Amino acid sequence: MERIELYSANVCPYAHRTRLVLLEKGIDFDSIAIDLNNKPAGFAEVSPYLKVPALKYKSDRVWESAVINEYLEEVFPDPPLMPADPGKRALARIWIDFANTKFTVSFYKLLLAQDPQEQQHWREEFLSQLRFAETEGIGKLSADEGPYWLGSSVSLIDLTFYPWFERWPVLTYYRNVEFPEECVRLKQWWVAMESRPSANAIRNSTGFYLKDYEKYANGTADSISAREMRQV
Ligand SMILES: N[C@@H](CCC(=O)N[C@@H](CS)C(=O)NCC(=O)O)C(=O)O
């Protein structure tokens with residue numbers, strides 16, 4: 001049987017999402033580590049945006065983590081990581097889009113900002129999005145008493161947000177952001193996520209993240225991702 005090839009990098013939270021999905025589904029895959037500072041020749045053939053994650057399976061070539069994760073859900077439906085009901089699926093996609101277009105953007109804008117006033121703006125923006133996710137997101141979506149976004153079953157929403165929470169110490173260390181106490185459901189969710197075998201299997205240390213995000217924090221990052229995010 002052909003195996004999935006995942007082009008990945010340990011530092012990358014987007015690749016982290018996809019690795020979590022593969023682990024949660026129990027899919028065997030070959031991980032190809034990409035040095036983002038020195039990408040291999042021919043990388044554009046598998047990843048036209050020159051980013052990780054990118055995936056090859058049979059004749060399919062897929063990039064963009066949210067698309068990859070839905071692709072994996074379609075090709076390997078068990079265990080399901082999306083709800084069966086179309087209305088709930090739509091809500092799951094709304095919060096995945098929120099993660100991509102708002103939550104992660106303010107995370108990076110805050111980390112990249114050098115001017116103290118700009119940092120304060122993004123700190124407030126980031127925390128207000130977190131409170132919105134608490135009240136309008138996990139607070140309303142959970143169908144039962146379970147700790148995850150949709151209640152007792154883990155879903156793509158959880159796996160989409162989690163990598164940025166593992167990287168939270170970066171924001172605390174470089175930008176003095178503490179987790180807001182009023183986000184009780186998100187805190188409960190975070191604790192549940194941290195102890196999942198998938199998260200444990202691929203966790204990186206705080207020291208690893210602090211070192212790898214130093215250039216973002218001190219304004220010297222010059223990667224494609226950092227340049228794009230400065231323009232958002
Ligand atoms: N929207 C993309 C973002 C992926 C992304 O930004 N990956 C970063 C690493 S975290 C990357 O590969 N950057 C390449 C570069 O900056 O040269 C996704 O969801 O997959």
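How do the residues of the shell around the ligand divide into nonpolar, polar and charged, and how many belong to each?

## The shell around the ligand

In this predicted model, the shell holds eight nonpolar, three polar and two charged residues. The residues that surround the ligand number 13, and the closest are C12, K51, S65, S223 and I224. Two elements, α3 (65-75) and α12 (224-231), give two or more residues to this shell.

## Position of the ligand

Where does the ligand lie with respect to domain 1 and domain 2? Residues of the shell come both from domain 1 (4-75) and from domain 2 (86-231), and the ligand therefore lies between them.

## The two domains

The domain assignment of the protein gives domain 1, which covers residues 4-75, and domain 2, which covers residues 86-231. Between the C-alpha centres of domain 1 and domain 2 the distance is 20 Å. Domain 1 contributes 16 residues to the contact, and domain 2 contributes 19 residues.

## The side of domain 1 that touches domain 2

On the side of domain 1 that touches domain 2, α1 (13-25) and α3 supply at least two residues each. The largest share of this side is that of α1, with eight residues. Sorted by class, this side of domain 1 comprises eight nonpolar, three polar and five charged residues.

The helix α3 thus appears in two settings: α3 gives two or more residues to the shell around the ligand, and α3 also supplies at least two residues of the side of domain 1 that touches domain 2.

Technical notes. Residues are numbered from 1 along each chain as its sequence is written. This is a predicted model: local features need pLDDT of at least 70, side-chain atom pairs count only at pLDDT 80 or more; totals for chains, interfaces and linings use all residues. A residue is near a molecule or strand if its C-beta atom, placed from the backbone, lies within 6 Å of it. Helices (H or I, at least four residues) and strands (E, at least two) are DSSP runs, numbered from the N terminus. Ala, Val, Leu, Ile, Met, Phe, Trp, Tyr, Cys and Pro count as nonpolar, Asp, Glu, Lys and Arg as charged, and the others, Gly among them, as polar. Domain bounds come from an automatic or database domain assignment. Two residues are in contact if their C-beta atoms, placed from the backbone, lie within 7 Å.
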